[in-house]
Each structure stands twice: as C-alpha cells, then as structure tokens.
Amino acid sequence: MITIAGLVAKTGAFMKANPGKINAKLTYKGKSGKSLSPLEKYCEIKKQYDSGSFIDPVTGRVSLGFKKLYMNFYRMNNRALTTGFIEKYFELLVDATKWGKGWSWQAKHEYIADQLKTFLFPRKKGSMIEKYQCSFISKLLHTANNELPIYDSKVRNVIKCGQPKGKTYSDKVSSGIAILNDIEILYRDLAKDPTFITLMGTVTCFSGLSISFEKKCDFMFWIMG
C-alpha cells in the first residue's frame, strides 16, 4: 500500500501534469453532449437509492431505469456476468435498504460474497469458474453507505493495494476485506492531510455536492489510474 506522503505527491504531480483533467473527465457528457456525465450518473444513482425510488412500487424489485443506469456506471454490461448473478446482485441491493443503521460492512461483505458464491463465470474456452467479485461487492456496499471505499482496478493501480489472494474462496474474501480495511484507513488519514484537501478542492465539480470524501477519492484515483 502506498504511503500518505507518496499518494499526496502522486496526486499533486498528476494534477500539475494534467491540469483540469479530473474535472473534465468527471463532467464529460459524451460527443453529443446529451448523455449524463460520470459525476451526474453517480449523483442520480445516489439520489434514487437514498430516496428508495430505485425500487419499482409494483414489483418490489429494482426499476429497469435504475438497473440500466447502475450497470452502465459500474460497467456491469459485460459477458462475464451471468443473468443470474446480476439478478441476485440487485436483489441484495434492495435487501440492503432493510439493514437499518450501525451494520458492520465486514459482516455484510462476507454475507454478500456467500450469496454470490454459487454463480459461476465463463472461461475463454467455455468452461465455468467460481470467482470472488470483490469489486462489485464493494460497490454494492458503497451504494448502501457512500462513506465506504470501493475496490477498483484503476484505483488499485494508484494506491498499490494489491489483489485478493488465497487458495479458497473464503481465503480470497478474507483477503478482500483486509484490503478494503487498509483503503478505509488510508482515506481516513488522507482526510487529515491539508495538502491533499487543497488538491481535492481544485476539483471544482465537487463543489456543492453531497457526496462523501471517500467517493471523491475514488473518482480522483479512478481518473489517475
């Protein structure tokens, strides 16, 4: 894992070499200018989830519009994710609204990982394989509590947190939770660093938005990675 000093220096160097890039990428609306920007997509997802309007009042399931937006933002539209996995994922997202307050994200991470364990993923040669989805689980938990960090390959490249390892599925889950714990601590310390706070303040598109410090870090490191 990168040190606080190293991460602050890395962020400062990126911003100096690429002035305005983070802000531009987060507010980019596509060539037509009519689509939602990445930042707008996230804010809409958060708004609908927090208000409960993402649930269809008739079916009690995630609405098709929200599902489409969520899958597009988190890049779930790929052949590796089976229909069964996606349906179970959104079922768990609805269940998360019933957890109340004070829940342990570590325990919920283990629970979700166990619920998704049965869904296999296709290999290139056609056979199926068991796969621990640390990234998507962290994104589900972040949707339920946006102060939780996300594990993402691009962010991983920046903060050097490594990948979940282990011989068994259970070992990988434990490793993934340990990594997310480390990211949580890293972000907690970053929030105390005045130089990093100043750097974050130059991303003007964050101004006035009700999004967590952790999500701002995730956005910045996603662009940097």
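Cys217 is buried, with a relative accessible area of 0%, in a model that is predicted. The closest cysteine sulfur to that of Cys217 belongs to Cys161 and lies 13 Å away, too far for a bond. The points below take up the cysteines, the enclosed helix α7, three helix packings and selected loop residues.

**Cysteines and disulfides**

- A disulfide is a covalent bond between the sulfur atoms of two cysteines.
- Cys161 is also a buried residue, at a relative accessible area of 13%.
- The closest cysteine sulfur to that of Cys161 is in Cys134, and the separation of 8.5 Å is too far for a bond.
- Because a disulfide requires a pair of cysteine sulfur atoms within 2.5 Å, neither the 8.5 Å from Cys161 to Cys134 nor the 13 Å from Cys217 to Cys161 qualifies.
- The count of disulfides comes to 0.
- Cys134 is one of the buried residues of helix α7, and Cys217 belongs to the contact that α11 makes with α10.

**Helix α7, enclosed by the rest of the structure**

- Helix α7 spans residues 134–144, and 10 of its 11 residues are buried, so this helix is largely enclosed by the rest of the structure.
- The buried set consists of Cys134, Ser135, Phe136, Ile137, Ser138, Lys139, Leu140, Leu141, His142 and Thr143.
- These buried residues pack against α3, α4, α5, α6 (105–116), α9 and α11.

**Packing of α5 with α7**

- Two packed helices are described by the angle between their axes and the distance between the axes.
- For α5 and α7, the axes come within 10 Å and cross at roughly 30 degrees.
- The two helices α5 and α7 are therefore roughly parallel to each other.
- The crossing in which α5 passes α7 is right-handed.
- On the α5 side the contact involves Phe85, Tyr89, Leu92 and Leu93, and on the α7 side Phe136, Lys139, Leu140 and Thr143.
- By class, the residues in the contact of α5 with α7 are 6 nonpolar, 1 polar and 1 charged.

**Packing of α10 with α11**

- Helix α10 (residues 194–201) packs on helix α11 (residues 213–224) at an angle of about 70 degrees, and their axes are 11 Å apart.
- This angle makes α10 roughly perpendicular to α11.
- From α10, Phe196, Ile197 and Met200 take part in the contact, while α11 contributes Phe213, Lys216, Cys217, Met220 and Phe221.
- The contact of α10 with α11 holds 7 nonpolar residues, no polar residues and 1 charged residue.

**Packing of α1 with α9**

- Helix α1 (residues 4–17) and helix α9 (residues 169–190) have axes that come within 10 Å and cross at roughly 70 degrees.
- The pair α1 and α9 is therefore roughly perpendicular.
- The crossing of α1 past α9 is right-handed.
- Ile4, Leu7 and Val8 of α1 meet Leu186, Asp189 and Leu190 of α9.
- In the contact of α1 with α9 there are 5 nonpolar residues, no polar residues and 1 charged residue.

**Buried serines in loops**

- Ser212 is placed in the loop between α10 and α11.
- With a relative accessibility of 7%, Ser212 counts as buried.
- Apart from neighbours within four places in sequence, Ser212 is in contact with His142, Asn146 and Glu147.
- One of these partners, His142, is among the buried residues of α7.
- The C-alpha atoms of Ser212 and Leu69 are separated by 20 Å, with the two residues 143 residues apart along the chain.
- Ser63 sits in the loop between α3 (38–51) and α4 (64–73).
- Ser63 counts as buried at 16% relative accessibility.
- When residues up to four places away in sequence are not counted, Ser63 touches Phe54, Ile55 and Asp56.

**Positive phi in loops**

- Arg75 has a positive phi of about 55 degrees although this residue is not a glycine.
- The location of Arg75 is the loop between α4 and α5 (83–95).
- Arg75 is exposed, with a relative accessible area of 53%.
- Lys160 likewise has a positive phi of about 55 degrees and is not a glycine.
- Lys160 lies in the loop between α8 (153–159) and α9.

Key:
Residues are numbered from 1 along each chain as its sequence is written. This is a predicted model: local features need pLDDT of at least 70, side-chain atom pairs count only at pLDDT 80 or more; totals for chains, interfaces and linings use all residues. Side-chain values use heavy atoms; hydrogens and water are left out. Buried means under 20% relative accessible area, exposed over 50%, partly exposed in between (1.4 Å probe, protein chains only). Axes are lines fitted to C-alpha atoms, for helices over the stretch in contact, and angles run from 0 to 180 degrees between N-to-C directions. Helices (H or I, at least four residues) and strands (E, at least two) are DSSP runs, numbered from the N terminus. Angles under 35 degrees count as roughly parallel, over 145 as roughly antiparallel, 65 to 115 as roughly perpendicular and the rest as oblique. A crossing is left-handed if the near helix is turned anticlockwise from the far one by less than a right angle, and right-handed if clockwise. Contact means heavy atoms within 4.5 Å. Ala, Val, Leu, Ile, Met, Phe, Trp, Tyr, Cys and Pro count as nonpolar, Asp, Glu, Lys and Arg as charged, and the others, Gly among them, as polar.
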